[in-house]
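I opened this model to look up its enclosed spaces, its sheet and the span of its annotated domain. My notes follow in the order in which I checked things.

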Amino acid sequence: MTTSRKFQPFQAPKGVPDYVPPVSPEFLAVRDGFAHQAHLAGYEHIELPIFEETGLFARGVGESTDVVSKEMYTFADRGDRSVTLRPEGTAGVMRAVIEHGLDRGQLPVKLTYAGPFFRYERPQAGRYRQLQQVGVEAIGIDDPALDAEVIALADRCFSSIGLTGYRLELTSLGDDTCRPAYREKLQEFLFKLPLDEETRRRADINPLRVLDDKRPEMKELLVDAPLMLDHLSDAARAHFDTVLAHLDDMGVAYEINPRMVRGLDYYNKTTFEFVHDGLGAQSGIGGGGRYDGLMAQLGGQELSGVGFGLGVDRALLALQAEQKQAASGARVSVYGVAMGAAAKRRMVTIINELRQAGISADMAYGERGLKGAMKGADRAGARFALVLGDRELEANSIACKDLSAHEQRDVALDEVVAELRRALD
Ligand code: HAM
């Protein structure tokens, strides 16, 4: 006789969430609910590779960002090519648009995607190493109405799943004509401050990011820092004002946050974040903005773009914080309970026919008593339970219990599918 060694059960990698029932239906409702809203606004699905050539992200997202410098899952494949698990979606979308020449057709190109992204961050509540996003990108037209469309769409995504406790913050990061001069002005200001070495280095590489310093002593030092919003070019100002006017027209509430700093380098002009107050430190449930230089940066045409990424994991946590549900909670509409071998044989067919008719149905398997089997109907959240025993079989009928109305009646066996179809319509 051989003895098998008992292994410690495996666990998911650190910082990687599983979504199992009963949470997984909620996860799907959020993800698919967002995607549905994007489709309603004319965005078409794009399915992107999970990994890409490393250079795409280094060039697209920016070498100075934490995402690229510290958080990428990068490895050499067996052919010794450096590849990276996608940390975000925008760079991959641009690569695919250029590669397939979508930018040579009707503009704007409007695309939506959903799926996992990977960032080697320090795991904590709401901060995962495998995170899920639904994103949209509208490429090729520099129209403030498109910025407003994208922002209103994100707002509708969150409201459509029932969230209320969130707010929208936005600002403008300026354009090519005003940002370089502002950057210099900000650096001039920063280099006069008593900065620690790390902050000084950041001021050197990406001074805008210093404005995001959360330390109280730094906040105090930065009170009088010049802000991009006060130094916009006329064109950038007009663009931003028009975005705000559209949002006002649509009744989308916002707060202007001139110190907003996004974690990715490609943004200019309009940038925004949706923040939920019930989530603690990881409060950003979605963010995005305009990225007008990105396509050219990646070797494509000089075309503009605007988009967002919404955090599905965090939206789910926000729903839980608001004690709300996005899914119906029912696994199936109809649940079959058969007593005895002949009844079971018939029930298997009925359940199959219900599914063919587009009605979600399941049944009790194994040898369980009526009481135990009826518990199964309850747990499945079924609206109807079908009970079939020898007595019913003989009468060519089936007991149909409406579990929400607490009513029961006998239905002819060959009419039960049509009957349930009517009842569930
Ligand atoms: P992002 O702000 O880096 O933007 O990510 C978008 C959203 O993904 C965040 O607001 C957050 O909800 C979620 N998220 C990010 N990191 C994590 C994490 N470690 N754990 C859980 N959730 C996370 C982008 O990725 C841009 N590509 C969005 C975009 C599209 N901008 C223009 N187009």
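**Cavities**

I began with enclosed space in this predicted model, and I found three cavities of 30 Å³ or more. The largest cavity holds about 50 Å³ of space. I then listed its lining, which consists of Leu173, Tyr182, Leu208, Leu211, Met228, Pro258, Arg259, Met260 and Val261. Sorted by character, the lining of the largest cavity has eight nonpolar residues, no polar ones and one charged residue.

**Sheet**

Next I traced an open sheet of eight strands, whose order reads 1-5-6-11-10-9-7-8 and whose pairing is mixed. I noted that strand 1 (44–45) and strand 8 (255–256) stand at the edges, and because each has a single partner strand, one side of each is left without a neighbour in the sheet.

I looked next at strand 5 (residues 109–118) and strand 6 (residues 130–139), which pair in the antiparallel sense over ten bridges. Within this pair, Val109 of strand 5 stands opposite Ile139 in strand 6. Helix 1 (residues 24–40) packs on the sheet, where I recorded that it touches strand 1, strand 5, strand 6 and strand 11 (305–311). The direction of helix 1 makes about 5 degrees with that of strand 6.

**Annotated span**

Finally I checked the record: an unreviewed UniProt entry annotates residues 29–322 as "domain: Aminoacyl-transfer RNA synthetases class-II family profile". For residues 29–322 I noted that the end C-alpha atoms lie 16 Å apart, and that the span is 39% helix and 22% strand.

Note on methods. Residues numbered from 1 in each chain as written. Predicted model: local features only at pLDDT ≥ 70, side-chain atom pairs only at ≥ 80, totals over all residues. Heavy atoms only, no water. Pairing = 2+ DSSP bridges. Helix = DSSP H or I, 4+ residues; strand = E, 2+ residues; numbered from the N terminus. Contact = heavy atoms within 4.5 Å. Axes fitted to C-alpha atoms, helices over the stretch in contact; angles between N-to-C directions. 1 Å grid on protein atoms, 1.4 Å probe; cavity = no way out; pocket = protein on both sides within 12 Å on 5 of 7 lines; lining within 4 Å. Points joined across faces, edges and corners; volume = space filled by probe spheres on them. Nonpolar A, V, L, I, M, F, W, Y, C, P; charged D, E, K, R; others polar. UniProt positions renumbered as here; feature names shortened; annotations may be inferred.
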